[in-house]
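Biologist: I'm new to this one. Can you walk me through it and tell me what stands behind the labels?

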Amino acid sequence: MNIRAKRKNSTTGYTNMIEGKVTISGLEKVYDTGDERTKAIDDLSLEVPSGEFLSVVGPSGCGKSTLLYLIAGFLDESDGTIAVDGNAINGPGTDRGVVFQDYALFPWRTVMGNVTYGLEQKGIDKEERQTTAQRFINMMDLDGFEDKYPKELSGGMKQRVSLARTLAYDPKILLMDEPFGALDQPLRESLQEHLLDIWRDVEKTVIFITHDVEEAVYLSEQVMVMTRHPGTKKEIFDIDLDRSESREDVILSEEYTDMRKQVWQSLREETNPNTGN
Ligand SMILES: Nc1ncnc2c1ncn2[C@@H]1O[C@H](COP(=O)(O)OP(=O)(O)OP(=O)(O)O)[C@@H](O)[C@H]1O
């Protein structure tokens with residue numbers, strides 16, 4: 001059984017069965033547009049344990065988003081398998097929640113309406129929907145903005161609504177596609193801290209795509225570097241930072257500096273294969 005723990009969570013109120021192991025074997029994805037066949041993912045195997053925070057970095061076009069959308073079930077694989085807790089996935093499901101760079105909020109719904117959406121899909125009654133949504137709205141410091149529409153919010157607020165919406169329906173796995181890529185540095189750092197706090201509290205498996213090596217090393221327990229196109233797993237780095245320390249102490253630590261350099265070098269070999277670095 002892949003259940004690590006069962007506990008009542010203080011922030012979310014959920015009794016979490018900690019699941020969410022992702023097992024990928026021999027994954028291949030070929031896009032066939034009729035005129036052209038593009039192999040985006042080639043023979044990728046990977047295991048992400050329950051509750052793990054894995055970041056994925058790789059050269060542009062190496063298949064990071066494709067990998068995430070395959071795990072989300074938005075795309076069908078051409079070969080290989082993806083399983084969650086031992087069960088092969090079969091399309092999208094509420095066990096996996098996706099957070100996109102462009103927020104993907106419903107413009108015609110208020111903040112409350114956006115956050116309750118996934119709960120409606122799960123068939124949860126109105127009163128419980130409102131209570132649960134409010135809890136996540138508060139967690140994201142969005143109380144007072146429940147009746148606002150996305151166009152009335154800043155980019156950082158929209159991304160917090162998007163996170164609240166995804167967390168509210170309690171997926172086992174969070175799939176994040178460069179969620180902070182469009183934000184300026186202070187906002188990005190603030191949302192990184194939010195995400196780490198949440199992750200510590202709710203113990204979800206997180207698969208996080210980013211272009212930013214520093215972000216990957218700062219947030220993650222593991223960083224996977226992908227090869228250039230067609231993408232596959234090149235290397236996985238275990239990141240062992242003392243997470244009880246402040247951001248500043250982590251960033252100034254030898255471990256962080258060393259891991260950042262190792263991941264950067266591995267990535268650079270893929271982005272600049274002729275430099276000999
Ligand atoms: N819908 C599609 N049809 C055909 N080819 C596609 C499609 N989507 C992606 N590709 C191709 O698949 C490859 C991987 O694309 P993908 O977007 O997954 O890479 P990525 O690593 O996320 O890129 P980036 O870092 O630039 O966002 C690229 O060669 C891309 O051109």
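Modeller: Sure, and keep in mind that this is a predicted model. Let's start with helix 3 and helix 4, which are oblique to each other.

Biologist: Why are helix 3 and helix 4 called oblique to each other?

Modeller: Their axes cross at roughly 140°. Over 145 would count as roughly antiparallel, and 65 to 115 as roughly perpendicular. The value for helix 3 (residues 126-139) and helix 4 (residues 155-168) fits neither, so the pair goes down as oblique. The axes come within 9 Å, and the crossing of helix 3 past helix 4 is right-handed.

Biologist: Which residues make the contact?

Modeller: From helix 3 come Thr-132, Ala-133, Phe-136, Ile-137 and Met-139, and from helix 4 Ala-164, Leu-167 and Ala-168. By class, that contact has seven nonpolar residues, one polar and no charged.

Biologist: What makes helix 2 oblique to helix 3?

Modeller: Helix 2 (residues 111-121) packs against helix 3 at an angle of about 120°. Roughly perpendicular covers 65 to 115 and roughly antiparallel starts over 145, so this angle is left as oblique. Here the axes are 9 Å apart, and helix 2 passes helix 3 in a right-handed crossing.

Biologist: And which residues of helix 2 meet helix 3?

Modeller: Val-111, Met-112, Val-115, Thr-116, Leu-119 and Glu-120 do, facing Arg-129, Gln-130, Thr-132, Ala-133, Phe-136 and Ile-137 in helix 3. This contact divides into seven nonpolar, three polar and two charged residues.

Biologist: On to the sheet. Why do strand 4 and strand 7 count as edges?

Modeller: The sheet is open, with four strands in the order 4-3-6-7 and antiparallel pairing. Strand 4 (37-48) and strand 7 (87-88) each have a single partner strand, so one side of each has no neighbour in the sheet.

Biologist: How do you know that strand 3 and strand 4 really pair?

Modeller: Pairing takes at least two bridges, and strand 3 (residues 22-32) shares eight with strand 4, in the antiparallel sense. In one of them, Thr-23 has Glu-47 of strand 4 as its partner. Helix 1 (residues 64-72) packs on this sheet and touches strand 3, strand 4 and strand 6 (79-84).

Biologist: What surrounds the ligand?

Modeller: 13 residues do, and the closest are Tyr-31, Ala-40, Ser-60, Ser-65 and Thr-66. Helix 1 gives the largest share, three residues. By class, the shell has three nonpolar, nine polar and one charged.

Terms used: Residues are numbered from 1 along each chain as its sequence is written. This is a predicted model: local features need pLDDT of at least 70, side-chain atom pairs count only at pLDDT 80 or more; totals for chains, interfaces and linings use all residues. Helices (H or I, at least four residues) and strands (E, at least two) are DSSP runs, numbered from the N terminus. Two residues are in contact if their C-beta atoms, placed from the backbone, lie within 7 Å. Axes are lines fitted to C-alpha atoms, for helices over the stretch in contact, and angles run from 0 to 180 degrees between N-to-C directions. A residue is near a molecule or strand if its C-beta atom, placed from the backbone, lies within 6 Å of it. Ala, Val, Leu, Ile, Met, Phe, Trp, Tyr, Cys and Pro count as nonpolar, Asp, Glu, Lys and Arg as charged, and the others, Gly among them, as polar. Angles under 35 degrees count as roughly parallel, over 145 as roughly antiparallel, 65 to 115 as roughly perpendicular and the rest as oblique. A crossing is left-handed if the near helix is turned anticlockwise from the far one by less than a right angle, and right-handed if clockwise.
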